[in-house]
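Please walk me through this protein model, one region at a time. Keep the sentences short and explain each term as it comes up.

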Amino acid sequence: MRTEEYADPLADLDWSTEAGTGAHHSADGFVRVRGARENNLRNVDVAVPRDAIVAFTGVSGSGKSSLAFGTIYAEAQRRYFESVAPYARRLIQQGHNPKVEMITGLPPAVALQQRRGTPSSRSTVGTVTTLSNSLRMLFSRAGSYPAGASPLDSDAFSPNTAAGACPECHGLGVAHTVTEASLVPDPSLSIREGAIAAWPTAWQGKNLRDILTHLGHDVDIPWRELPRKDRDWILFTDEQPVVEITPQRDRVAKPYKGKFWSAKSHVLHTLADSKSNTMRERVLRFMETGPCQRCSGSGLTPEALAVTFAGRTIAELNAVPMAELADLIRPTTELNEASTASRKLSSGEGNEVAVAITRDLLRRITVLLDLGLGYLALGRSTPTLSPGEMQRLRIATQLRSGLFGVVYVLDEPSAGLHPADAEPLLAVLEQLKSSGNSVFVVEHNMDIVRRADWLVDVGPRAGEGGGEVLYSGPVAGLAAVEASVTRPFLVPDGSRGGADDGGADDGGITGGGDRTGRRREPGAWLELKDISRHNLRGLDAAFPLQVLTAVTGVSGSGKSTLVSHVLAEVVGSELHGDSGSGGKDSGETTEDQPVDGDPGTPLSVGTVTGLHHVDRLVTVDQKPIGRTPRSNLATYTGLFDAVRKEFAATDEARARGYGAGRFSFNVAGGRCETCQGEGFVAVELLFLPGSYGPCPECDGSRYSPETLEITYRDKTVADVLGMTVDAAADFLQDVPAAARSLQTLREVGLGYLRLGQPATELSGGEAQRIKLATELQRARRGHTLYLLDEPTTGLHPADVRLLMAQLQRLVDAGNTVVVVEHEMDVVAEADWVIDLGPAGGDAGGEIVASGTPAAVAASPDSRTAPYLASAVDSASAR
């Protein structure tokens with residue numbers, strides 16, 4: 001990317017209302033924003049060039065996303081919806097109207113944001129890119145059918161439709177079944193002794209045993225001695241006989257009608273109808289999960305699997321890497337004399353439809369190959385993809401659309417990418433620009449920022465301390481802006497920022513510092529032999545304990561599989577005696593619980609040694625800390641419990657009989673009943689964006705007037721929720737439980753967040769740091785294994801230094817931290833590095849190098865090595 005000289009775009013600018021929409025300003029090639037007040041933006045005026053790559057930078061929470069997405073993109077979207085018929089608007093989920101006085105020179109916009117919604121196992125690479133639609137049409141119109149078979153519609157080749165889904169597994173490809181072995185783990189026990197472990201406990205289990213006795217079954221001999229016919233009926237029958245039972249345990253006989261449930265019926269009924277997660281998780285332990293035997297894990301009907309193209313079924317083509325798929329369909333694209341399509345023929349592989357569809361498929365697949373995603377298969381489930389892989393899939397979809405004259409607003413397009421994978425991304429951004437578009441990127445990767453045409457730096461800090469445009473101009477000009485936290489990381493002057501260089505306020509804690517000269521030595525080793533899962537095949541891995549280990553490698557090399565799945569499941573199984581799954585909601589910090597595995601790919605591990613050195617497992621991910629606005633920082637960390645107790649302990653609260661529950665906005669009593677404690681009301685306006693505003697009854701406080709009459713140090717509970725972490729740290733310094741939480745939140749750089757800020761407003765990086773702070777406030781126990789998957793995603797370099805300082809503290813306390821990471825400055829500060837590769841997919845899954853950062857940086861076989869060497873050299877020079 002080139003850096004050009006631009007005149008001051010705001011100089012001599014006529015912002016008068018007589019200027020109308022400012023159409024004459026659009027001719028000079030700038031998008032001008034006036035009076036932006038979205039979130040923490042403070043009446044911002046800024047101008048950025050069109051037909052250029054513009055990078056928006058600043059610490060987390062500074063307001064850069066509020067400017068790029070909340071203002072510029074939101075206004076472009078609002079203008080588009082104004083052109084849509086009112087009836088059609090009712091069918092579209094509309095965004096909000098931005099708080100801005102005027103924007104001129106604004107073209108139509110397309111947003112590509114990091115999506116953090118709940119992933120679906122039915123979503124795949126093929127469905128995200130829509131390539132699956134074309135592949136299904138290829139098999140429907142041009143596949144080779146068995147003799148006498150009727151052509152199928154394209155829906156019949158989709159496991160997500162009623163026409164195509166396997167009736168056994170309903171299109172999931174994974175079957176949950178029960179067997180005698182899963183229902184009766186110990187056949188030496190009698191029924192009275194609990195042989196049928198899957199049956200309910202307590203009275204319900206006694207009831208079923210009494211029914212069996214009444215029906216003539218012996219419940220006191222070992223299970224294995226019962227006749228096969230009786231065992232099968234007890235476990236698997238669908239019959240539900242009702243008999244009269246007279247309990248023997250009561251003094252007075254009270255007969256009742258009892259209905260029998262087989263063990264299988266009880267398990268399936270509980271899974272289908274129970275509202276209790278605990279009950280569902282209990283019966284899941286008695287099921288065997290694996291590929292569906294009827295469809296061989298494809299999720300499709302036998303009729304669909306009987307159709308082939310290039311000698312492969314659609315399930316087989318969905319399973320091969322896209323690079324191989326391109327080779328398989330390429331011969332068809334090169335046919336010069338295609339026949340006329342006809343549904344009467346059993347095969348259409350040589351007809352004009354086959355040529356047209358395969359040429360379109362190849363063109364679209366080539367875009368993905370250029371982005372380095374050729375190792376992915378169309379059938380790869382999206383929950384198994386990294387954020388970087390998902391981002392590149394969406395970028396590829398837009399790239400092939402061929403739009404001209406639009407603004408692409410991208411949310412950290414380099415997030416989750418290895419430095420080697422970022423190179424083709426830069427080429428894509430340039431291609432979008434050269435196609436006549438504008439590219440606005442919210443970005444923390446300084447390598448991407450350096451190669452932009454224009455830079456908008458927002459800050460200087462986060463929250464109330466941010467919201468100002470410190471600089472807007474060519475990248476080189478930021479060197480003169482000393483107030484910028486980004487400047488030390490962007491300008492190669494030998495200094496690197498952090499709290500000491502004007503970084504984010506960290507509550508007095510400085511950056512992590514350079515540890516290159518004082519590496520820790522492992523206290524012990526955790527070794528796993530012969531690991532097999534996904535692209536890990538017979539892998540041996542050794543993790544040093546009581547040190548910080550970084551696991552690196554290009555996208556798809558097997559990093560997350562090794563750490564977040566294999567290591568988590570092995571340790572979780574040892575600590576819990578099972579898979580370690582279940583427990584807390586997946587959006588919360590998972591203490592002593594591994595990341596969810598993939599039931600379709602069973603884990604195989606040989607010898608494991610060193611597990612006795614680990615007492616506890618904690619995973620810290622970027623999933624939301626809550627799914628509704630009722631979840632917030634204060635409730636998640638637990639500090640709000642201490643706040644409510646302080647209010648309940650006041651003289652006035654005790655005189656009125658108010659307990660701590662009175663000060664919760666989630667339960668009836670103290671909350672405002674008009675808004676049900678949400679603080680706002682929504683009005684649906686059909687074809688206009690919904691109107692949201694403060695509740696007219698409580699004015700957004702969430703509480704009833706009577707509750708707000710109680711004050712603590714002249715502040716109501718609503719006032720406390722409205723405080724930032726920094727302000728609350730001073731206000732609640734005499735409340736130990738709250739003060740401890742607030743201090744750790746400041747130490748991870750979250751002093752700008754409000755205590756009552758809804759979880760839905762938090763970024764993934766903020767959510768992860770809240771989880772980390774929650775863990776840091778616990779008593780130090782040591783011997784805990786912390787697993788983090790790309791913890792620096794979404795973080796400014798200054799925030800990364802704060803994060804690293806806290807991770808180093810955990811290790812200094814005798815714990816082990818393992819991070820999957822692409823940020824080379826973080827890897828350079830680790831004590832040990834495990835690099836996977838050499839490439840992605842089937843070409844990966846091997847440990848290419850392991851050792852200290854300096855040792856891995858010198859490896860001739862590692863694609864990480866040259867990038868890590870540069871980071872190690874920079875750290876040594878500081």
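The crossing of helix 9 and helix 10 is left-handed. In a left-handed crossing, the near helix is turned anticlockwise from the far one by less than a right angle; clockwise makes it right-handed. Helices here are DSSP runs of H or I with at least four residues, strands are runs of E with at least two, and both are numbered from the N terminus. Helix 9 covers residues 263–273 and helix 10 covers residues 277–284. Their axes are 9 Å apart, and the packing angle is about 140°. Axes are lines fitted to C-alpha atoms, for helices over the stretch in contact, and angles run from 0 to 180 degrees between N-to-C directions. His-266, Val-267, Thr-270, Leu-271 and Ala-272 of helix 9 meet Met-279, Arg-280, Val-283 and Leu-284 of helix 10. Contact means heavy atoms within 4.5 Å.

Before going on, some ground rules. This is a predicted model, in which local features need pLDDT of at least 70, side-chain atom pairs count only at pLDDT 80 or more, and totals for chains, interfaces and linings use all residues. Residues are numbered from 1 along each chain as its sequence is written, and side-chain values use heavy atoms, with hydrogens and water left out.

How confident is the predictor? pLDDT is its confidence in each residue, from 0 to 100. The protein averages a pLDDT of 84, and 85% of the residues score at least 70. Two stretches need care. Over residues 15–24, pLDDT stays under 50, and the model has ten contacts beyond four places in sequence there. Residues 578–600 also stay under 50, with 66 such contacts in the model. Where pLDDT is low, the predicted coordinates should not be read in detail.

Now the whole protein. It has 31 helices and 27 strands. Of its 878 residues, 52% are buried. Buried means under 20% relative accessible area, exposed means over 50%, and partly exposed lies in between (1.4 Å probe, protein chains only). Among contacts with a separation of 6 or more, 70% come from residues 24 or more positions apart.

Return to helix packing. Helix 5 (residues 131–142) packs with helix 14 (residues 352–370) at an angle of about 160°, and their axes are 10 Å apart. Helix 5 is therefore roughly antiparallel to helix 14. The cut-offs are under 35 degrees for roughly parallel, over 145 for roughly antiparallel, 65 to 115 for roughly perpendicular, and oblique for the rest. This crossing of helix 5 and helix 14 is left-handed. Leu-131, Ser-134 and Leu-135 are among the helix 5 residues that take part, and Val-353, Ala-354 and Ile-357 are among those from helix 14.

Stay in helix 5 for Phe-139. Is Phe-139 buried or exposed? Phe-139 counts as buried because its relative accessibility is 0%. Beyond its neighbours within four places in sequence, Phe-139 contacts residues including Tyr-145, Phe-157, Val-307 and Leu-317. Phe-139 and Phe-157 are 18 residues apart in sequence, and their C-alpha atoms are 7.7 Å apart in space.

Next comes helix 21 (residues 639–648), which is mostly covered: seven of its ten residues are buried. Leu-639, Phe-640 and Ala-642 are among these. The buried residues pack against helix 20, helix 22, helix 24 and helix 26.

Leu-639 appears again in the largest nonpolar core, which has 136 residues. A nonpolar core is a set of buried Ala, Val, Leu, Ile, Met, Phe, Trp, Tyr and Cys residues joined through side-chain atoms within 4.5 Å. Leu-639 and Val-817 are among the members that touch the most others. Outside its neighbours within four places in sequence, Val-817 contacts residues including Val-547, Tyr-786 and Leu-807.

Finally, look at the backbone. Gly-459 and Pro-460 share a cis peptide bond, with omega about 5°. Pro-460 sits in the loop between strand 14 and strand 15. Another cis peptide bond joins Gly-837 and Pro-838, and Pro-838 lies in the loop between strand 26 and strand 27. Asp-530 is not a glycine, yet its phi is positive, near 55°. Asp-530 lies in strand 16 and is partly exposed, at 42% relative accessible area. His-534 has a positive phi of about 50° and is not a glycine either.

How values were computed:
pLDDT = per-residue confidence, 0-100.
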